[in-house]
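Welcome, and thanks for taking a look at this one with us. Please have the sequence and the 3D view open while you read.

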Amino acid sequence: MDADSRASQQIDLADAVRVMERCEALARHSEELGRLTRRFATPALAAAAGEVAAWMRAVGMSVRRDNVGNLIGRYEAASATGAIDGEPPRPRTLLLGSHLDSVRDAGRYDGPLGVLVALAVIKRLHAQARRLPLAIEIVAFADEEGLRYGTSYLGSKAVAGAFDPILLQRVSDDGVRMDEAIRAAGGDPAAIPADARSRDDLVGYCEAHIEQGPVLEAEGLPVGIVSAIAGQSRFTVTFEGTAGHAGTVPMALRHDALCAAAEFVLAVEALARDTPGLVATVGQLAVEPGASNVIPGRAVLSLDVRHQDDTTRLQFCDQLRATVGRIVVDRGVADRWDTVQEDNATPCDPALGGALGQAIASLGLPVRRLPSGAGHDGVVLAALCPVAMLFVRCRGGVSHHPAESVTVEDVAVAVQALARFVENLAGAEPTTAVER
Ligand code: GLV
Ligand code: MN
Ligand code: MN
């Protein structure tokens, strides 16, 4: 029997159907007509969070929003019993969830799927009027993608106590300073540090997410466990040339900022192709003054570099910096290199991964561990508590694209696996009892 048939024997699809319907419903909350774009601290994000908050309340969760804009639903633990020396033990908290912000022209599963799979697990407990010896919180993070301010993980940084207030001065592509955007969305920027969670309270964090790669599909597996999340560097690179008349300045006398940027973009591609396992992307390019009959005086681009090995990534970034130095000398332009984000590769927690593995094996499925090339809030949360991730097969490995696709059967496996994972962890909490 293959992995799919083994899993389908044990799986009830109803919860997964609802997860899929809700992913559709959330996709309607967008900043742009006809495509899904949901940036940090926008009315579209608030509308999506409002809908999720109502679903959380319907399954017995108390709901709050922290100052950076994360939505947090809490499913309380059973009251403590089995006290030692008369002191009732304080139930700890397991964090589940994912993010509700998106990239531009996004698919509907990157982020929302993890929130809704977690919600399906709570729905099952609630339907059985069941409380566990640990509290469960679902966090719907406010900014994993970093689309609005270029730097990602704003939500998880606040939770982990790693939010640097200097970020509040960053200005978005639409000209709004981050502290103003947070205030407009109902948060108090000055209170963000006080929202940090205490590590003593936490069992760990587990996120379900589409794989965003082709491995599970190629191997015929519905789910897998993330072994580690790739390191990532993000930069803004600016080329300053000299603007001038497109009809009168001879070619030999030009200092065209866009031509310098173009040479750099192709160098990034060529060098990345020569570095096994490395990926590098220029995803944004702004040209000023931006007229068809004016030589570009300034070009600003984003650069995103990733590798599983931190030394390889950092050496590659040094090489690119040297390349910029050569280009600006050759072309008589100036440059500016700003580091926006640096995250080292993050291994997932072996014990939590083991509990996920047991859950998957108990469904009769092979346990496949694989690295994540995409970034996730777990990168930041790993400094706070153990982190695990459950990957769900997606069609063609496509993501950050409206064609993102998962099957209801695979989502059902994910719900079942996460539910068993929660049971495994609850069973390992020694000092409190389960109430029905
Ligand atoms: C987030 O999805 C990232 O990897 O950029
Ligand atoms: Mn993403
Ligand atoms: Mn994501």
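The notes below go through the metal sites, a bound ligand and two further residues.

## The model and its metal pair

Please keep in mind that this is a predicted model. A good place to start is the pair of manganese ions, ligand 2 and ligand 3, which lie 3.5 Å apart with Asp110 as the bridge between them.

Which residues hold the manganese ion (ligand 3)? Its donors are His99 through NE2, Asp110 through OD and His209 through NE2, at 2.1 to 2.3 Å. Along the sequence these donor residues follow the spacing H-x10-D-x98-H. Asp110 sits in the loop between strand 3 (93–99) and helix 4 (112–127), while His209 belongs to strand 5 (residues 202–210), so the two tie together parts that are 99 residues apart in sequence.

## The second manganese ion

Turning to the manganese ion (ligand 2), you will find Asp110 (OD), Glu145 (OE, listed twice) and His400 (NE2) as protein donors, lying 2.0 to 2.7 Å from the ion. The donor residues here are spaced D-x34-E-x254-H in sequence. Asp110 and Glu145 link distant parts of the chain: Asp110 is in the loop between strand 3 and helix 4, and Glu145 is in the loop between strand 4 (135–141) and helix 5 (154–160), 35 residues apart.

Are these donor residues buried or exposed? Asp110 and Glu145 are both buried. For Asp110 the relative accessible area is 6%, and because the cut-off for buried is under 20%, Asp110 falls in that class. His209, from the site of ligand 3, is also buried, at 1% relative accessibility.

## Around ligand 1

Now to ligand 1, whose surroundings consist of Glu144, Glu145, Arg234, Arg306, Ala374, Gly375 and His400. Sorted by class, this shell has four charged residues, two polar and one nonpolar. Two of its members are already familiar: Glu145 and His400 also serve as donors to the manganese ion (ligand 2).

Several polar atoms of the protein face oxygen atoms of ligand 1. A backbone N or O atom of Gly375 is 2.6 Å from one oxygen atom of the ligand. From the side chain of Glu145, an N or O atom lies 3.0 Å from an oxygen atom of ligand 1, and for a polar side-chain atom of Arg234 the distance to an oxygen atom of the ligand is 3.3 Å. How much of ligand 1 does the protein bury? Taken alone, ligand 1 exposes 200 Å², and the protein buries 94% of that.

## Asp410 and Glu217

Two more residues are worth a visit. Asp410 is found in helix 12 (residues 408–428) and is buried, with 4% relative accessibility. Beyond its neighbours within four places in sequence, Asp410 is in contact with Pro222, Val223, Val392 and Arg393.

Glu217 lies in helix 7 (residues 215–219). With a relative accessible area of 34%, Glu217 is partly exposed, because that class runs between the 20% and 50% cut-offs. Setting aside neighbours within four places in sequence, the contacts of Glu217 are Glu211, Arg393, Cys394, Arg395, Gly396 and Gly397. Arg393 thus appears in the contact lists of both Asp410 and Glu217. As for Ala419, its C-alpha atom and that of Glu217 are separated by 23 Å, with their positions 202 residues apart along the chain.

Note on methods. Residues are numbered from 1 along each chain as its sequence is written. Chains are lettered from A and ligands numbered from 1 in the order in which they are written. This is a predicted model: local features need pLDDT of at least 70, side-chain atom pairs count only at pLDDT 80 or more; totals for chains, interfaces and linings use all residues. Side-chain values use heavy atoms; hydrogens and water are left out. Helices (H or I, at least four residues) and strands (E, at least two) are DSSP runs, numbered from the N terminus. Buried means under 20% relative accessible area, exposed over 50%, partly exposed in between (1.4 Å probe, protein chains only). Contact means heavy atoms within 4.5 Å. Donors are N, O and S atoms within 2.8 Å of the metal (3.2 Å for Na, K and Ca); water is not among the atoms, so sites may look incomplete. A residue is near a molecule or strand if one of its heavy atoms lies within 4 Å of it. A polar contact is a pair of N or O atoms within 3.5 Å; within protein, one must be able to donate a hydrogen and the other to accept it, and residues adjacent in sequence count only if both atoms are side-chain atoms. Accessible areas come from the Shrake-Rupley method with a 1.4 Å probe; for residues, only the protein chains shown count as cover. Ala, Val, Leu, Ile, Met, Phe, Trp, Tyr, Cys and Pro count as nonpolar, Asp, Glu, Lys and Arg as charged, and the others, Gly among them, as polar.
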